Amino acid sequence: MKLSHTLTRTSAVFDDPNLVSSAGLVPVMALADAAGLRTLTDERLTVATDKGANAGLKVASIVGGMLAGADSIDDMAVLRHGGMNKVFASAYAPSTLGSFLRAFTFGHVRQLDAVAARFLLALAAQTRLLGPDAEQATAPSTGTTSSTTGGYAWVDVDDTIIEVHGHQKQ
């Protein structure tokens with residue numbers, strides 16, 4: 001079957017004010033809130049001037065935007081499309097988030113790193129994926145419990161993919 005017309009340009013627009021394009025953000029951002037992302041950020045991140053006001057909400061907006069697929073400041077507008085304002089109480093303009101990030105110094109990045117470390121621990125406590133109860137929380141119910149507790153778990157969340165060389169590598 002062949003089209004009788006040639007398409008010169010196709011465009012899709014998401015402009016219905018009642019639809020939400022990233023509804024999966026609701027449970028993820030609820031988990032982030034329960035783990036204290038905003039509170040930890042407000043306690044640990046001190047960006048001077050008016051650019052640093054409401055740092056917790058701004059960091060949560062940036063995280064939400066990244067989860068929705070934004071990979072630049074302009075893409076943060078995804079949080080303001082359609083019915084997102086009915087799902088989330090406040091979404092900052094991309095220009096506001098850009099001004100916030102441009103006010104960062106190396107020290108602010110270190111503060112945000114401290115927030116990320118504490119947030120990861122809080123997420124682990126919320127989800128029970130790591131730690132002594134992890135096996136019971138994730139294993140199917142068999143009526144038996146494991147006697148294995150403690151130990152370490154290494155989670156690599158870096159997206160860098162590089163070749164690894166060495167004499168003992170396969």
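Is Asp-33 buried, partly exposed or exposed? In this predicted model, Asp-33 counts as partly exposed, at 40% relative accessibility. The side chain of Asp-33 meets that of Arg-38 in a salt bridge, with a distance of 2.9 Å from N to O. Arg-38 has a relative accessible area of 34% and is likewise partly exposed.

The overall fold is built from 7 helices and 0 strands, and the pattern along the sequence reads α-α-α-α-α-α-α. Of the 170 residues in the protein, 24% are buried. Among contacts with a separation of 6 or more, 63% join residues that lie 24 or more positions apart in the sequence.

Helix α6 spans residues 106-127 and contains 22 residues. From its first C-alpha to its last, α6 reaches 31 Å, which is close to the 32 Å expected at 1.5 Å a residue. The buried residues of this helix are His-108, Val-115, Phe-119, Ala-122 and Ala-124, and they pack against α1 (25-34) and α2 (37-44). Just after the end of α6, Arg-128 adopts a positive phi of about 55°.

The pairing of α2 with α6 can be described in further detail. The two helices pack at an angle of about 145°, and their axes are 9 Å apart. The crossing of α2 past α6 is right-handed. On the α2 side, the residues that meet α6 are Leu-37, Leu-40, Thr-41 and Arg-44; on the α6 side, the partners are Gln-111, Val-115, Arg-118 and Phe-119. Val-115 and Phe-119 are also among the buried residues of α6.

Charged side chains were examined next. A search of the whole structure finds 2 salt bridges. One of them is the pair formed by Arg-38 and Asp-33. Asp-50 also forms a salt bridge, with Lys-51, and the closest N and O atoms of this pair are 3.7 Å apart. Asp-50 is exposed, with a relative accessible area of 58%, whereas Lys-51 counts as partly exposed at 33%.

Lys-58, located in helix α3 (residues 55-67), presents another arrangement. This residue is buried yet has no salt bridge. The nearest side chain of opposite charge belongs to Asp-50 and is 7.5 Å away; a salt bridge requires a nitrogen and a carboxyl oxygen within 4 Å, so this separation does not qualify. When residues up to four places away in sequence are not counted, Lys-58 touches Asp-50, Lys-51, Ala-53, Tyr-92, Thr-96, Leu-97 and Phe-100. The contacts of Lys-58 thus include both partners of the salt bridge between Asp-50 and Lys-51.

Definitions and conventions
Residues numbered from 1 in each chain as written. Predicted model: local features only at pLDDT ≥ 70, side-chain atom pairs only at ≥ 80, totals over all residues. Heavy atoms only, no water. Helix = DSSP H or I, 4+ residues; strand = E, 2+ residues; numbered from the N terminus. Expected span 1.5 Å × (residues − 1). Buried < 20%, exposed > 50% of the residue type's maximum accessible area, 1.4 Å probe, protein only. Contact = heavy atoms within 4.5 Å. Lys, Arg positive; Asp, Glu negative; His and termini not counted. Axes fitted to C-alpha atoms, helices over the stretch in contact; angles between N-to-C directions. Left-handed = near helix turned anticlockwise from the far one by under 90°.
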